Amino acid sequence: MKKYVTTTLAALCLLSSGAQAAERAMRILIVNDDGCQSVGTTSLQEKLAAKGFDVWMVAPSTNQSGIGSAITFKPNKIFNVEKVADKRFCFPGTPADAVDFGLLGVLKDNPPDLVLSGVNDGPNTGVAQLNSGTIGAAARAVRYGYPAIAASIGYIISEQEMKAGWPSTHKYWPDAVDYVVSLVETLNGKWQPGQSVLPGGSGLSINYPALAKADIKGLKYIDNEQFPEPQHYYKLLKDGRAQQIMSEKILTPSEADTDTGWLNKGYITWTIFDGEWNAPQFEAQYRTLFK
């Protein structure tokens, strides 16, 4: 009898949790670094909302690509926030400011179950992950304790693509958005309110190739390159000024065993990050060095 009662209670709990899931849609905050008019973000919000998710969007008022994790720290400053559509806000600041406004302002009393950053126009592999406002916003959310996914679409690295404004990236951008929507649906099928959508303290950086679906070769889990090639260098001018020059190596397609290389080979790359900025595995070596 005791076993029967326990089984019955377990079944009732499952039914109850299932009913709870049906009563509340997953709440999602979308941010980016491309600006609040970016189709990679606005279309992601629209497509997820059409699927029944409770989707909010906060993005910088202007393009903030490459600004990393910078914030505006000015206590008592008043920000001219613009609400441009239902659950959609343009914030006059950085991507990290946008995620702060979303988490600590708009959704302060109704926190999201998932933060999505992107879908970004251009890849965030190699050193770009370090510079990226897209990754910076997602990592900030993870550091606060929110599960986050950053998503980007890559480039076809060629002089022709670059001069034409990366047409393949813009052509297949909707496919990258649909891919993220499909991942959220997968997560939603395994999620219950009160549970973490992703493993606690972790986030995911996705890079989607600028290719037709039939030409994508698969999925590759890969760490971000530890010592990536810088994107630029500086030329010192005779008058004392300095000119920033794009590195020629960045514009040379790589097929190395790195996140950049696998993306260039036609794979969707997944890089898991934690945003903690800790490296305790080196403690013993530091203790030895500073004896």
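Does Leu289 count as buried or exposed, and at what relative accessibility? Leu289 counts as exposed because its relative accessibility is 64%, and exposed residues are those over 50%. The model in which this residue is seen is a predicted one.

**The chain as a whole**

The chain has 291 residues, of which 42% count as buried. Its secondary structure comes to nine helices and eleven strands. Taken along the principal axes, the C-alpha atoms fill a box of roughly 85 × 55 × 50 Å.

**Helix H9 and the nonpolar patch**

Leu289 is placed in helix H9, which covers residues 283-289. Together with Phe282, Tyr286 and Phe290, Leu289 makes a nonpolar surface patch of about 510 Å². Arg287 also lies in helix H9. With a relative accessibility of 57%, Arg287 counts as exposed. The C-alpha atom of Arg287 is separated by 34 Å from that of Tyr221, and the two residues are 66 residues apart along the chain.

**Helix H7**

Helix H7 comprises 22 residues, 167-188. At 1.5 Å a residue, this helix should span 32 Å, and the 33 Å between its end C-alpha atoms agrees with that value. H7 nevertheless bends by about 45 degrees at Trp173. A proline, Pro174, follows within four residues of the bend.

**Strands S1 and S2**

Strands S1 and S2 run parallel and are joined by four bridges. Within this pairing, Ile28 has Val55 in S2 as its bridge partner. Six of the seven residues of S2 are buried, so this strand is mostly covered.

**Salt bridges**

Side chains of opposite charge can pair when their charged atoms come close. A search of the whole structure finds ten salt bridges. Three of them are listed below with the separation of their N and O atoms.

| Salt bridge | N to O distance |
|---|---|
| Asp113 and Arg24 | 2.9 Å |
| Lys51 and Glu185 | 3.6 Å |
| Asp239 and Arg241 | 2.8 Å |

Asp113 and Arg24 form a salt bridge that links distant parts of the chain, 89 residues apart. Asp113 is in the loop between helix H3 (95-106) and strand S5 (114-121), whereas Arg24 is in the loop between helix H1 (2-23) and strand S1 (27-31). How are the two residues classed by accessibility? Asp113 counts as buried because its relative accessibility is 12%, under the limit of 20%. Arg24, at 25%, counts as partly exposed.

Lys51 and Glu185 also meet in a salt bridge. Lys51 lies in the loop between helix H2 (39-50) and strand S2 (54-60), and Glu185 lies in helix H7, so the pair ties together parts that are 134 residues apart in sequence. Lys51 is partly exposed, at 48% relative accessibility. Glu185 is likewise partly exposed, with a relative accessible area of 35%.

In the salt bridge between Asp239 and Arg241, Arg241 counts as exposed, with a relative accessibility of 55%. Elsewhere, salt bridges link Arg27, Asp54 and Lys87 in a network.

Definitions and conventions: Residues numbered from 1 in each chain as written. Predicted model: local features only at pLDDT ≥ 70, side-chain atom pairs only at ≥ 80, totals over all residues. Heavy atoms only, no water. Patch = residues over 30% accessible without salt bridge, like charges linked within 9 Å, V, L, I, M, F, W, Y side chains within 5 Å. Areas by Shrake-Rupley, 256 points an atom, 1.4 Å probe, with all protein chains shown as cover. Salt bridge = Lys/Arg side-chain N within 4 Å of Asp/Glu carboxyl O. Helix = DSSP H or I, 4+ residues; strand = E, 2+ residues; numbered from the N terminus. Buried < 20%, exposed > 50% of the residue type's maximum accessible area, 1.4 Å probe, protein only. Expected span 1.5 Å × (residues − 1). Bend = angle between axes of the 7 residues up to and from the residue. Pairing = 2+ DSSP bridges.
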